[in-house]
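Dear colleague,

I am passing on the structure we spoke about, and below it you will find notes on two helix packings and a pocket. Please read them with the structure open beside you.

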Amino acid sequence: MLDFIYYPVSGILWIWHTVFGSVLGPDNGITWALAVVFLVFTLRALLYKPFVRQIRTQLTMKKLQPQIRALQKKYPGDRARQAAEMQKLQKEHGFNPLLGCLPLLVQAPVFIGLLHVLRSFNRTATGFGQLGLSPEANANTANYFFSAADVQSFLDARLFGAPISAAISSSQNTLQAFASFGGVPSVLTIALVAVPLMVLASIATHFNARASIARQDDAARSNPQTSMVNKLSLWVFPVGVLIGGPVLPIAVLLYWVSNNVWTYVQQHVVYRRIDAEDTAVVEVPRASAPAPGARPKRRK
């Protein structure tokens, strides 16, 4: 049902694996790790303009808050009239709330697609939604854009001794699939790679939230709903990454870390650019201002 997501995600991953594999070797764990990281960078580069529109949408909404509060006071108890006037106000200022959701709406299915493609390199697990293939059948079954040889290359790859498709909570059946490809990894080996990535992902999530909150005005911070969301973003979501990290493959943790690092850098770059543009609009060129006491020139 979701092949329209799985094939593009695996296609971009395949391209970057081919690029880095030509330099570092196709079975190198760093090759596969870089392929995942640059999958993130490719997606975020494609979403750069929607992200800028998202920031502008948020800033527009912030500027409209006084007028929105005035409408609420003008039509108390009349929600239909408030909604109609709100839509009119948003239309006048070119405000489109859907643009603010676009980056998130695109990233969510990509995350799901990457998780599925990575799990499909090792389909030996059993249970709900699992294929339960034998290690031999799994190693000889293609995975979307990846051939059977690519699947074997992925199984053979190690990042500091850990398969990047393995998670701390991986079952013994899943780990047995690596027996012919570098040996069965231990949970400790996987944890030594996964835990630092979980901590980095948690810290990056926290600082991204801190950067976003720093842009809020006092009125927004004092709003009870906004205050609750801020607390969730600052503390609950980062802790959630630590709690949920053991069930995520190392490659997905790489995705999470690189995505958050990109977001952190991009926020600062975009906000600085928008602030510079707003300053340039507000400033009046000195050359255009008449000197004190000077008389205006008469037209002939």
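In this predicted model, helix H9 (residues 187-214) and helix H11 (residues 224-244) have axes that come within 8 Å and cross at roughly 170 degrees. Because angles over 145 degrees count as roughly antiparallel, H9 is roughly antiparallel to H11. On the H9 side the contact involves Met198, Val199, Ala201, Ser202, Thr205, His206, Ala209, Arg210 and Ile213, which meet residues of H11 that include Asn230, Ser233, Trp235, Phe237 and Pro238. Sorted by character, the residues of this contact between H9 and H11 are twelve nonpolar, five polar and one charged.

Helix H1 (residues 3-24) packs against helix H2 (residues 29-46) at an angle of about 135 degrees, their axes being 8 Å apart, and that angle makes H1 oblique to H2. The crossing of H1 past H2 is right-handed. Among the residues making the contact are Val9, Ile12, Trp16 and Phe20 of H1, together with Ile30, Trp32, Leu34 and Phe38 of H2. The contact of H1 with H2 has 13 nonpolar residues, four polar ones and no charged ones.

As for empty space, the second largest pocket holds about 320 Å³. Its lining is made up of 14 residues, and those that lie nearest the centre of the pocket are Arg119, Gln130, Ser170, Thr174 and Val247. Helix H5 (residues 97-119) supplies the largest share of this lining, with three residues, while the lining as a whole divides into six nonpolar, seven polar and one charged.

With best wishes

Conventions:
Residues numbered from 1 in each chain as written. Predicted model: local features only at pLDDT ≥ 70, side-chain atom pairs only at ≥ 80, totals over all residues. Heavy atoms only, no water. Axes fitted to C-alpha atoms, helices over the stretch in contact; angles between N-to-C directions. Helix = DSSP H or I, 4+ residues; strand = E, 2+ residues; numbered from the N terminus. Parallel < 35°, antiparallel > 145°, perpendicular 65-115°, else oblique. Left-handed = near helix turned anticlockwise from the far one by under 90°. Contact = heavy atoms within 4.5 Å. Nonpolar A, V, L, I, M, F, W, Y, C, P; charged D, E, K, R; others polar. 1 Å grid on protein atoms, 1.4 Å probe; cavity = no way out; pocket = protein on both sides within 12 Å on 5 of 7 lines; lining within 4 Å. Points joined across faces, edges and corners; volume = space filled by probe spheres on them.
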